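Visitor: Hi, I've just opened this one and I'm new to it. Can you walk me through it?
Guide: Sure, let's put it up and start from the overall picture.

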Amino acid sequence: RVVFQQRGERNYHIFYQMCAGADAQFRDKYRIRAASDFRYLTLGQTLVREGVSDEKEWKETLDALGAIGIPPTQQEGLIRMLSGILHIGEVNFVVGHDDVCQVENIEQLQWACKL
């Protein structure tokens, strides 16, 4: 489900919520962009659920995590993990010398590993 969606389907909702609702601090720190900028979120060609605000649901998700006792440091760990998954999806592979698979954009892989 993370790496492929049928046309008309979305990936896990939390990814879209994070892209829409993460604050500037986390956007900068984890390079969170719009959902339309991530390969894993565009494969199903459905970025929006009619009548649903991903930004609002992100806030509700964070509030719910706090309500059940998950501290902000662990919530940030979740954001970091989700960001890492999205950034792994941006790594491109090419066929190199002797048909060996190579990473085309090593800086993207390094960033994903850093997360």
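**A first walk through the model**

Visitor: What kind of model is this?
Guide: It's a predicted model, so local features are described where pLDDT is at least 70.

Visitor: How many helices and strands does the protein have?
Guide: There are six helices and two strands. Starting at the N terminus, the order is α-α-α-α-α-β-β-α.

Visitor: And what box do the C-alpha atoms fill?
Guide: Roughly 55 × 35 × 20 Å, taken along the principal axes.

Visitor: What share of the residues count as buried?
Guide: Of the 115 residues, 33% do. The accessible surface comes to about 7,200 Å², and 54% of that belongs to carbon and sulfur atoms.

Visitor: What about contacts between parts far apart in the sequence?
Guide: Take the contacts with a separation of 6 or more: residues 24 or more positions apart account for 61% of them.

Visitor: Can you show me a buried residue?
Guide: Try His87, which is found in helix α5, residues 72-88.

Visitor: Why does His87 count as buried?
Guide: Because its relative accessibility is 1%, and buried means under 20%.

Visitor: Which residues does His87 touch?
Guide: Leaving out residues up to four places away in sequence, His87 touches Tyr30, Arg31, Arg33, Phe38, Gln108, Trp111, Ala112 and Leu115.

Visitor: New topic: charges. How many positive and negative ones are there?
Guide: The protein has 13 positive and 16 negative charges. The mean positions of the two sets are 3 Å apart.

Visitor: How many salt bridges does the count come to?
Guide: Five salt bridges. One of them pairs Asp54 with Arg10, with the closest N and O atoms 3.0 Å apart.

Visitor: Where do Asp54 and Arg10 lie?
Guide: Asp54 is in helix α4, while Arg10 is in the segment before α1 (13-21), so this pair ties together parts that are 44 residues apart in sequence.

Visitor: Are they buried or exposed, Asp54 and Arg10?
Guide: Both Asp54 and Arg10 are buried.

Visitor: Got another salt bridge for me?
Guide: Sure, Lys29 and Glu76 form one, and their closest N and O atoms are 2.7 Å apart. Lys29 lies in helix α2 (residues 24-30) and Glu76 in helix α5, so the pair ties together parts 47 residues apart in sequence.

Visitor: And how do Lys29 and Glu76 count for burial?
Guide: Lys29 counts as partly exposed, at 42% relative accessibility. Glu76 has 17% relative accessibility, so Glu76 counts as buried.

Visitor: What about a salt bridge inside one helix?
Guide: Look at Lys56 and Glu60, where the closest N and O atoms are 3.7 Å apart. Both lie in helix α4, four residues apart, which is about one turn of the helix. Lys56 counts as exposed, with 54% relative accessibility, and Glu60 is partly exposed at 41%.

Visitor: OK, switching to the surface. Which residues make the nonpolar patch of about 280 Å²?
Guide: Val3, Phe4 and Leu43 make that patch. Leu43 sits in the loop between α3 (39-42) and α4 (54-67), and counts as partly exposed at 32% relative accessibility.

Visitor: What else is in that loop?
Guide: Gln45 is there, between α3 and α4. With 54% relative accessibility, Gln45 counts as exposed. The phi of Gln45 is near 60°, a positive value in a residue other than glycine.

Visitor: Why point out the sign of phi?
Guide: Because most residues other than glycine have a negative phi.

Visitor: Got another positive one?
Guide: Yes, Asp99 has a positive phi of about 60° although it is not a glycine. Asp99 is found in the loop between β1 (93-95) and β2 (101-103), and is exposed, with a relative accessible area of 68%.

Visitor: Back to the loop between α3 and α4. Tell me about Ser53.
Guide: Ser53 has its place in that loop too, between α3 and α4. Ser53 is partly exposed, with a relative accessible area of 36%.

Visitor: What separates the C-alpha atoms of Ser53 and Arg7?
Guide: 21 Å, for two residues that are 46 residues apart along the chain.

Notes
Residues are numbered from 1 along each chain as its sequence is written. This is a predicted model: local features need pLDDT of at least 70, side-chain atom pairs count only at pLDDT 80 or more; totals for chains, interfaces and linings use all residues. Side-chain values use heavy atoms; hydrogens and water are left out. Patches are made of residues with over 30% relative accessible area and no salt bridge: like charges are joined within 9 Å, nonpolar side chains (Val, Leu, Ile, Met, Phe, Trp, Tyr) within 5 Å. Accessible areas come from the Shrake-Rupley method with a 1.4 Å probe; for residues, only the protein chains shown count as cover. A salt bridge is a side-chain nitrogen of Lys or Arg within 4 Å of a carboxyl oxygen of Asp or Glu. Buried means under 20% relative accessible area, exposed over 50%, partly exposed in between (1.4 Å probe, protein chains only). Contact means heavy atoms within 4.5 Å. Lys and Arg count as positive and Asp and Glu as negative; His and the chain ends are not counted. The place of a charge is taken as NZ of Lys, CZ of Arg, CG of Asp or CD of Glu.
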